[in-house]
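Colleague: Thanks for making time today. Could we look through this model together, a few questions at a time?

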Amino acid sequence: MNAPVDVSFFARAAKPLTSYRKYWAARFGTAKFLPTSRKEMEALGWDSCDVIVVTGDAYVDHPSFGMSVIGRMLEGQGFRVGIIAQPDWQSAEPFKALGKPNLFFGVTSGNMDSMINRYTADRKIRSDDAYTPGDIGGKRPDRAAIVYSQRCKEAWSDVPIILGGIEGSLRRIAHYDYWSDKVRRSVVVDAKCDLLLYGNAERAIVEIAHRLAAKEPVQQITDVRGTAFVRRETPEAWFEINSTSVDEPGRVEAHVNPYLMVSDQAKANGATCAKEDEAQVVAATAEAAGAKAIAAVRARSADVNPAIKPITFVANPSVKLKVPPRDRSVIRLPSYEQVRADPVLYAHANRVLHLETNPGNARALVQAHGEGNTARDVWINPPPIPLTTAEMDHVFDLPYARSPHPSYADENGSHDGATKIPAWEMIRFSVNIMRGCFGGCTFCSITEHEGRIIQSRSEDSIIKEVEAIRDSVSGFTGTISDLGGPTANMYRLGCKSPEIEAACRKPSCVYPGICSNLGTNHDPLIKIYRRARALKGIKKILIGSGLRYDLAVQSPEYVKELVQHHVGGYLKIAPEHTEQGPLTKMMKPGIGSYDKFKQMFEKFSAEAGKKQYLIPYFIAAHPGTSDEDMMNLAIWLKKNGFRADQVQTFYPSPMATATTMYHTNRNPLRKITRESETVDIVRGDKRRRLHKAFLRYHDANNWPLLREALKSMGRADLIGNGKHHLIPTWQPLTDGGYTSARKKNSTAVPPTAKAAPVKLTPVKPSKGRMLTQHTGLPPRETGAARAPSGVPGKGFRKAR
């Protein structure tokens, strides 16, 4: 059984959210919607706002929208909170709409990074925005966190700016920027904010608000976890650990070893991975390293002149070296100028940052920006302490209206027409039951933002929200679209030992295999599923979040419960690839885990008398992926009867480990040296198109490119008209067009690849065989035609 969440180290390490004395403005009560105009403020009896939240998303008062959570959280503490949603950023005037805030501006670009929201993986501009009424793109600026902060400073230069959201979290240190193809400075420097809040910000924002309300200068608030800010020098009584270079010789002490994996070292010595073992482990490591270094020096000296005897240093047994306390230690990363100029140091800095993400043992980080008189340090405090179950319940039980602001409604007072907000529509009837993810997938940014410690709500809180949706949300027909979170089946999963949990530095609990210290009991989740679907008025509960199938197979009872009661015909899972090369760089399990889950899925579906299908997700062009890997994936797809309708291409988001691989050609999953492992990177439009083409091997527009590639790879044997061939020898006369599930973002094939259009006789796909990807839709007729008898015929042209 898992240890209860609330007895862990983290539950005892922070002041509870509900323990603060409420601010005097609590007398104004609770607003149905947080005000977005002066008129709404006056209706509430306010003469000013204490806090104004500026956001790049439309204002939806729902716990899935960050600005609403922070706003309601501060309102619950007694503060008057206003919202400025999607302001016109061309001037500072729209940022003055609610007047001058008494305490601070809270700035966020929204639930998504503004650059990922605006651009595709091929750097093409999107014309839609799921967080905007009417799905209209262009309602927020590029790098919105920086732009909004600057405009707030122009509006009221003396008002502190507190920056938050995922865009800030992923840019808290110098980072590779995919869109400009260069390393940019920390967003703290560019935005000129007073404080950056990274990760889940409830705990930090509440403390900061009360301290500012008590007239404490924002410049003095430097001890809050989960914050970053600029300072000129390291304060006294702090131990600074120099980690600005790699391959440095010399003795290694505990506080100068950012690579120390306590669990691995302890395991080798037959011990636990508790924090107090660290000094002994490092001492042994240092002694061995020192002996090795001395032996190497002696060998080199003997080669030069056998008469030269090196000086031997003997440790003084009376001197006891102590490991500096972690809460007073700071690791100095390579500076912005260093990581910008040296990819190896960039990879090193990224690795150190990811090793310092466990709130139980993470140390502060500091990174210099600028040189000489302009030098400034970006100081990053350790991550925030995760919320307890009681605190999670408090956050989700706040008085959300659970709908978009009335100002977005159409003439009928509805949000379902031309003013529909797709992101709200997607979560309208869903319930978030947990936060965090310990999967550690290198291409994903969830861990960098929400952390690896799972934060779960109580069963009663979840059921209460299901009932609230049933009773109060318009348009509800009896189906809950999701009970999930970042991962559907990590609810209440965690380390069996609070001591180990607080000391572990592993980047993943499930790679390369499931950790022996990880509890995998799915019983609490099964209980919630059963209780929720038994509620009166609830017809169906679906699971829409991504499923970690290597965890699910540890509990056959859970898989049976899921498959027989909570799958709406299709279940989306993400093996991401079939080949070990890219899978090791993704930190994903082998395809064998998928096969095992598939067998269980089909068995339990058959027992229930249901025809249900898995929809696997795959990624093209991920670091570590060769052309042969993509070819083998295409062969696997065809063998298993899958047609990928919408293709994912690797998107290098800031600070992700895979992005570091993409930028540096190095693998930060291992120790970085000048001679460390290099990674095959898929760069350039042509190669990225080829990898996408392999995923869409069935699209005739890709066949010329694939034929050329297969011939150059020596695999012309895959070109032919038999079932065992990947692509045929014939070529249909197509117009070269392709429409994705997001039609607005479809990209036509270059004119040179187009041929004269021709009307083809459609062939109905065999039911349940050719599955689509991502959309969850049934097989559809695509207008493709089949060559008669497997040979070129009428309506087709012979391929060259």
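Colleague: Happy to start with a cysteine: in which loop does C441 lie?

Modeller: Bear in mind that this is a predicted model. UniProt, in an unreviewed entry, places a "binding site" feature at C437, C441 and C444. Of these, C441 lies in the loop between β16 (434-435) and α14 (446-450).

Colleague: Does C441 count as buried or exposed?

Modeller: The cut-off for buried is under 20% relative accessible area. C441 has 15% relative accessibility, so C441 counts as buried.

Colleague: And C444, how does that one count?

Modeller: C444 also has its place in the loop between β16 and α14. Partly exposed covers the range between 20% and 50%. With a relative accessibility of 24%, C444 therefore counts as partly exposed.

Colleague: Which residues is C441 in contact with, leaving aside its neighbours within four places in sequence?

Modeller: Remember that C441 is one of the positions in the UniProt "binding site" feature. Once its neighbours within four places in sequence are set aside, the contacts of C441 are R548, M586 and K588.

Colleague: Let's move to the sheet. Which are its edge strands?

Modeller: The sheet is open, with mixed pairing, and its 10 strands run in the order β3-β1-β4-β5-β8-β9-β13-β12-β11-β10. An edge strand pairs on one side only, and that applies to β3 (81-85) and β10 (239-242). From one strand to the next, the twist averages 25 degrees. The edge strands, then, are β3 and β10.

Colleague: In which sense do β5 and β8 pair?

Modeller: Strands of a sheet can pair either parallel or antiparallel, through backbone hydrogen bonds. Here I162 has L195 in β8 as its bridge partner. Two bridges join β5 (residues 161-163) and β8 (residues 195-197), and the sense is parallel.

Colleague: Nice. Which strands does helix α4 touch?

Modeller: Helix α4 (residues 144-155) packs on the sheet, and its direction makes about 160 degrees with that of β4. The strands touched by α4 are β1 (51-55), β4 (104-108) and β5.

Colleague: One more pair, please: how are α11 and α23 directed relative to each other?

Modeller: Helix α11 (residues 343-355) packs with helix α23 (residues 657-664) at an angle of about 170 degrees, their axes 9 Å apart. Angles over 145 degrees count as roughly antiparallel. The two helices, α11 and α23, are therefore roughly antiparallel.

Colleague: And by class, which residues make the contact of α11 with α23?

Modeller: From α11 come P343, Y346, A347, N350 and H354, and from α23 come T657, T660, H663 and T664. By class, that contact has no charged residues, three nonpolar and six polar.

Terms used. Residues numbered from 1 in each chain as written. Predicted model: local features only at pLDDT ≥ 70, side-chain atom pairs only at ≥ 80, totals over all residues. Heavy atoms only, no water. UniProt positions renumbered as here; feature names shortened; annotations may be inferred. Helix = DSSP H or I, 4+ residues; strand = E, 2+ residues; numbered from the N terminus. Buried < 20%, exposed > 50% of the residue type's maximum accessible area, 1.4 Å probe, protein only. Contact = heavy atoms within 4.5 Å. Pairing = 2+ DSSP bridges. Axes fitted to C-alpha atoms, helices over the stretch in contact; angles between N-to-C directions. Parallel < 35°, antiparallel > 145°, perpendicular 65-115°, else oblique. Nonpolar A, V, L, I, M, F, W, Y, C, P; charged D, E, K, R; others polar.
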